[in-house]
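Work through the following exercises with the sequence and the coordinates at hand, and try each task before reading its solution.

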There are 2 protein chains.
Amino acid sequence: MERRTVKIGLVQQAVSGNNRQENWLLSAEQVAVLAEQGAELVLLQELHSTLYFCQEENAANFDFAETIPGEATVFFEALARRLNIVLVVSLFEKRAPGLHHNTAVVFDRDRGMVGKYRKMHIPDDPGYYEKFYFSPGDTGFTPIATSIGKLGVLICWDQWYPEAARLMAMAGADILLYPTAIGWDDQDDSEEKQRQHSSWEIIQRSHAVANGLPVMVANRTGFEVSPMSGAAGIRFWGQSFIAGAQGEILARAGIDSEENLLVTLDLGRSEQVRRNWPFFRDRRIDAYREISRCWLD
Amino acid sequence: MERRTVKIGLVQQAVSGNNRQENWLLSAEQVAVLAEQGAELVLLQELHSTLYFCQEENAANFDFAETIPGEATVFFEALARRLNIVLVVSLFEKRAPGLHHNTAVVFDRDRGMVGKYRKMHIPDDPGYYEKFYFSPGDTGFTPIATSIGKLGVLICWDQWYPEAARLMAMAGADILLYPTAIGWDDQDDSEEKQRQHSSWEIIQRSHAVANGLPVMVANRTGFEVSPMSGAAGIRFWGQSFIAGAQGEILARAGIDSEENLLVTLDLGRSEQVRRNWPFFRDRRIDAYREISRCWLD
């Protein structure tokens, strides 16, 4: 089987303000560090341009949105070109007045923007009021072809849906990537916090297992206060990780630290893993039709 | 929310021979122990009546198959009635001459047999030649209603398929149950063994996470030699477990020990978990249709 060795990295950061240009520069510094270390692909965390503004529903926050192309894509496209890497960034996309998405954009070395993915599953929970801001994506689950392989880019809440990972894998993704912003409510006790983090890591490692491909997850770190009085704020739990095609952890960042991860992967190993445990061979495609229903009643 | 507390148990055993009646009695002893301790539901491991005969393709092994109803169902039906429990057993089912299934049967206290599930995904790997013995099930993914709740019974290889767990949950399963027979090849190194076991536990815990319901898994333990010369045999890795609706481990058996697990669960907790992290609310049922295809090319 063909060896396809790639060095992949991600950046886990805390965000301290809403100056987008400044935040882009801070991210770019770490991307450059990783590129210097040999990274051919770098993933940034979800909505890295600003604080996680979805802690409130505030129409003024639509001012943070970016058109595609726009100032942000010009900046990151130039960065990917200069460093000669594949770069996956996250944007609050303004598609039209009153129509916004939570979008990831992929730049490929000197080829510019080669694709985008609009978050398909949109959460809405106390402190994560994303349904106010983001229209559910219309890109479907289509991997983005790059010079290092096909990227199955998904975003945060998508991580809880085995269907999304499966469809990306069936469409030929070589690797799944999840830019993320998730954290704890300090009012929960430590056992609940541990269960939440553990379920989050498990579900994403399970996508590697079920589909025989590597998974990388870039999460935010740091505490961000809520603009809403009485709300708890979010303690982003970091712990970004990269897992191999059997779901095994290859690298994991700390909870509180700004940190980069860098791993050398053989993308060809997926075939070895799938030959030994050939789950795709035995899918009961005659019996899955009702997955497309809301509930079976 | 309604509390629905139940005591559930499982039996992890080594099998040392093919005397079915003797193996039934050994299992029945442990089922009685669990019932004595208050278990209202007991799960037995996969194909507990015999050694794991699928290590070879041998037509003589069809002699181990049981009709439904038949001697095995008469035995376990009486056991469930006598102990006043819900009992989930695993059978090599003879449906017709030349047509066999890997089947789980559910007995409910004095109501007798209330349902069966025929393994839908059939493996075929060195040492696990199941496609020779078992026709893929035709029951679909339908939970079995019992006096303690709806049981989403699946079997071993099914555990690798998020689709199966999802469809059981969408059809109203209160809990997923996996009778299993999986183990190591002693020729693999310890890192590979660790990755295999870990991926197996993770994928099943992920079904709890994705669907917000508890999962119980009864695996075989002990080493069984292969009847085929030069084959490694299987070191069944035990480690049966019960996980809660966030995927958290509530009880886990050892690798080498015959052991029972017993846990008190509040089935009503699933609703609390799903209220907090409402994954079912946000499924993109408009975008999952191609799950029913073999591959996207």
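**Exercise 1. An aromatic neighbour pair in chain B**

Is B:Phe134 buried or exposed, judged by its relative accessibility?

Solution. The model is a predicted one, and the classification rests on its computed accessibility. Buried is the class for residues under 20% relative accessible area. B:Phe134 has a relative accessibility of 3%, and therefore counts as buried. The next step is to look at B:Tyr133, which at 2% relative accessibility counts as buried. B:Tyr133 and B:Phe134 form an aromatic pair with 6.2 Å from centre to centre and 50° between the planes, a geometry that is classed as tilted.

**Exercise 2. Aromatic pairs in chain A**

Determine the geometry of the pair formed by A:Phe92 and A:Tyr133, and state which elements the pair ties together.

Solution. A search over all chains of the whole structure finds 52 aromatic pairs. In the pair of A:Phe92 and A:Tyr133, the ring centres are 6.2 Å apart and the planes stand at 90°, so the pair is edge-to-face, the class for planes over 60 degrees apart. For the location, A:Phe92 belongs to strand 3 (residues 86–96) of chain A and A:Tyr133 to helix 3 (residues 130–133) of chain A, so the pair ties together parts that are 41 residues apart in sequence. Both A:Phe92 and A:Tyr133 are buried. Finally, ring pairs link these two residues into a cluster that also holds A:Phe53, A:Phe62, A:Phe64, A:Phe132 and A:Phe134.

**Exercise 3. Salt bridges within chain A**

Compare the burial of the partners in the salt bridge of A:Arg81 and A:Glu77 with that of the partners in the salt bridge of A:Arg220 and A:Glu224.

Solution. The count of salt bridges over all chains comes to 48. In the salt bridge between A:Arg81 and A:Glu77, the closest N and O atoms are 3.6 Å apart. Both residues lie in helix 2 (residues 71–83) of chain A, where they are four residues apart, about one turn of the helix. A:Arg81 counts as partly exposed because its relative accessibility is 40%, and A:Glu77, at 24%, likewise counts as partly exposed.

The side chains of A:Arg220 and A:Glu224 meet in a salt bridge of 2.8 Å, taken from N to O. Here A:Arg220 has 0% relative accessibility and therefore counts as buried, while A:Glu224 counts as buried at 4%.

**Exercise 4. Salt bridges between the chains**

Which elements hold B:Lys131 and A:Asp282, and what does their pair join?

Solution. The side chains of B:Lys131 and A:Asp282 meet in a salt bridge with an N to O distance of 2.7 Å. B:Lys131 lies in helix 3 (residues 130–133) of chain B, whereas A:Asp282 lies in the segment after helix 6 (269–276) of chain A, so the pair joins two chains. B:Lys131 counts as partly exposed at 40% relative accessibility, and A:Asp282, with a relative accessible area of 6%, is buried. Elsewhere, salt bridges that share partners join A:Glu93, A:Arg95, A:Arg118 and A:Asp138 into one network.

A salt bridge is also formed by A:Lys131 and B:Asp282, with the closest N and O atoms 2.7 Å apart. Between chain B and chain A the count is six salt bridges.

**Exercise 5. The interface as a whole**

Describe the extent of the contact between chain B and chain A, and the make-up of the side of chain B that touches chain A.

Solution. The contact takes 58 residues from chain B and 58 residues from chain A. Together the two chains bury about 5300 Å², of which 63% is on carbon and sulfur atoms. Across this interface, 29 residue pairs are in polar contact. On the chain B side, helix 4 (162–170), helix 5 (190–211) and helix 6 (269–276) are the elements that give two or more residues. Helix 5 of chain B gives the most, with 11 residues. The residues of this side divide into 29 nonpolar, 11 polar and 18 charged.

**Exercise 6. The surroundings of A:Gln196**

Find the partners of A:Gln196, leaving aside its neighbours within four places in sequence.

Solution. A:Gln196 is located in helix 5 (residues 190–211) of chain A, and it counts as buried because its relative accessibility is 9%. With its sequence neighbours within four places left aside, A:Gln196 is in contact with A:Trp184, A:Asp188, A:Trp237, B:Gln246 and B:Trp277. In addition, a polar contact of 2.8 Å joins the side chains of A:Gln196 and A:Glu192.

Notes. Residues numbered from 1 in each chain as written. Chains lettered and ligands numbered in written order. Predicted model: local features only at pLDDT ≥ 70, side-chain atom pairs only at ≥ 80, totals over all residues. Heavy atoms only, no water. Contact = heavy atoms within 4.5 Å. Buried area = accessible area lost by both parts, 1.4 Å probe. Salt bridge = Lys/Arg side-chain N within 4 Å of Asp/Glu carboxyl O. Polar contact = N/O pair within 3.5 Å; in protein donor to acceptor, adjacent residues only side chain to side chain. Nonpolar A, V, L, I, M, F, W, Y, C, P; charged D, E, K, R; others polar. Phe/Tyr/Trp six-rings, centres within 6.5 Å; stacked < 30°, edge-to-face > 60°. Buried < 20%, exposed > 50% of the residue type's maximum accessible area, 1.4 Å probe, protein only.
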